[in-house]
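Here is a walk through one structure, taken a strand at a time. Keep the view open as you read.

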Number of protein chains: 2
Amino acid sequence: MSTALDMTFAALADGTRRAILTMLLEDDMAVTDVAEPFDMSLAAISKHLGILTRAGLISQEKRGRVKWCKLEPQAMREAIVWIESFGQLEALNFDAFEQFLSKELGG
Amino acid sequence: MSTALDMTFAALADGTRRAILTMLLEDDMAVTDVAEPFDMSLAAISKHLGILTRAGLISQEKRGRVKWCKLEPQAMREAIVWIESFGQLEALNFDAFEQFLSKELGG
DNA sequence: CCGATCGTCAACCGAATGGTTGAATATGCT
DNA sequence: AGCATATTCAACCATTCGGTTGACGATCGG
């Protein structure tokens, strides 16, 4: 079983993909434009975008020939809740922590 | 090149390893005790602990026969800074964001 | 010293990852 | 229609990953 959290963290565990997300912070971009700064084939970037899409971190919408990539920051919320519970326990509300614990240990 | 951030996120991209970290929230544990709840060989758990150690998320100290595993939540700070910049931009101080951007785009 | 316990190492396996290239598909332009 | 652009698909390759098993080294207890 590969959970949503698995896919999110796996997607983030690659510098190319993190750089893509960072680029998308500024604006939506076409696949070709995303690929431009990288020393890598378009097909490789297309795969990376697929991984980011499956992880829910971006969405892709095709308009005409062009497929636009859009950041979906909401998808990181689950990961944020998880990761923050370790470094910033004090800043976390207790309900979320309980839920996270029971889910992680019980599932 | 595999950065610290790569290793951190990769380490977190596995349910078994996240469960181990969760267990270690409660207390330090010996390798054997970490392995006990999992339906998996001790060697497999030992590998997982090695990955977590190399990522800096835990430390291991051998006392006698027993190797104690200790959570190192501080190692997640870099990951937290990175990930929060997407979901909670408004909560981020600007200096950290600038640093993160120049590091990620410039490196 | 002996036997049990703790943990890692080495070799192996199948599946997934990150990349390539070349062909295919879909759309737009003239 | 015909060519160029945008993107994906399919096949392939080397490497890594997550697991196994069996042997091994280190340490404790009697």
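Which helices and strands each supply at least two residues of the surface near DNA strand D? They are α3 (31-35), α4 (42-54) and β3 (66-71) of chain A, together with α4 (42-54) of chain B. A residue is near a molecule or strand if one of its heavy atoms lies within 4 Å of it. Helices (H or I, at least four residues) and strands (E, at least two) are DSSP runs, numbered from the N terminus.

Some ground rules come next. This is a predicted model, in which local features need pLDDT of at least 70 and side-chain atom pairs count only at pLDDT 80 or more, while totals for chains, interfaces and linings use all residues. Residues are numbered from 1 along each chain as its sequence is written, chains are lettered from A and ligands numbered from 1 in the order in which they are written, and side-chain values use heavy atoms, with hydrogens and water left out.

Stay with DNA strand D. The surface near it has 22 residues, and Thr32(A), Ser46(A), Ser41(B), Lys47(B) and His48(B) come nearest. Sugar and phosphate make up 64% of the strand D atoms that come within 4 Å of the protein. α4(B) gives the most to this surface, with 5 residues. By class, the surface holds 9 nonpolar, 6 polar and 7 charged residues. Here Ala, Val, Leu, Ile, Met, Phe, Trp, Tyr, Cys and Pro count as nonpolar, Asp, Glu, Lys and Arg as charged, and the others, Gly among them, as polar.

Now look at single atom pairs. Ser46(A) places a polar side-chain atom 2.4 Å from a phosphate oxygen of DNA strand D. For Ser41(B), a side-chain N or O atom is 2.7 Å from a phosphate oxygen of strand D. Lys47(B) reaches a base instead: an N or O atom of its side chain is 2.2 Å from a base oxygen of strand D.

Turn to DNA strand C. Of the 23 residues around it, Lys47(A), His48(A), Thr32(B), Ser46(B) and Lys67(B) come nearest. Sugar or phosphate holds 68% of the strand C atoms within 4 Å of the protein, and bases hold the rest. The side chain of Ser41(A) has an N or O atom 2.8 Å from a phosphate oxygen of strand C. For Ser46(B), the distance from a side-chain N or O atom to a phosphate oxygen of strand C is 2.3 Å. Arg65(B) has a side-chain N or O atom 3.1 Å from a base oxygen of strand C. Two or more residues of the surface near strand C come from each of α4 of chain A and α3 (31-35), α4 and β3 (66-71) of chain B. α4(A) gives the most, with 5 residues. The classes here are 9 nonpolar, 6 polar and 8 charged.

Next, the strands of chain A. β1 (residues 29-30) runs antiparallel to β3(A), joined by 2 bridges; two strands pair if DSSP finds at least two bridges between them. Met29(A) has Cys69(A) as its bridge partner in β3(A). β2 (residues 58-63) is also antiparallel to β3(A), with 6 bridges. Arg63(A) stands opposite Val66(A). In the β2(A) and β3(A) hairpin, 2 residues lie between the strands, and Gly64(A) takes a positive phi near 70 degrees.

Finish at Gly50(B), in helix α4 of chain B. Is Gly50(B) buried or exposed? Gly50(B) is buried, because its relative accessible area is 16%. Buried means under 20% relative accessible area, exposed over 50%, and partly exposed in between (1.4 Å probe, protein chains only). Gly50(B) and Ala11(B) are 39 residues apart in sequence, and 9.9 Å apart in space, C-alpha to C-alpha.

Note on methods
Polar contact = N/O pair within 3.5 Å; in protein donor to acceptor, adjacent residues only side chain to side chain.
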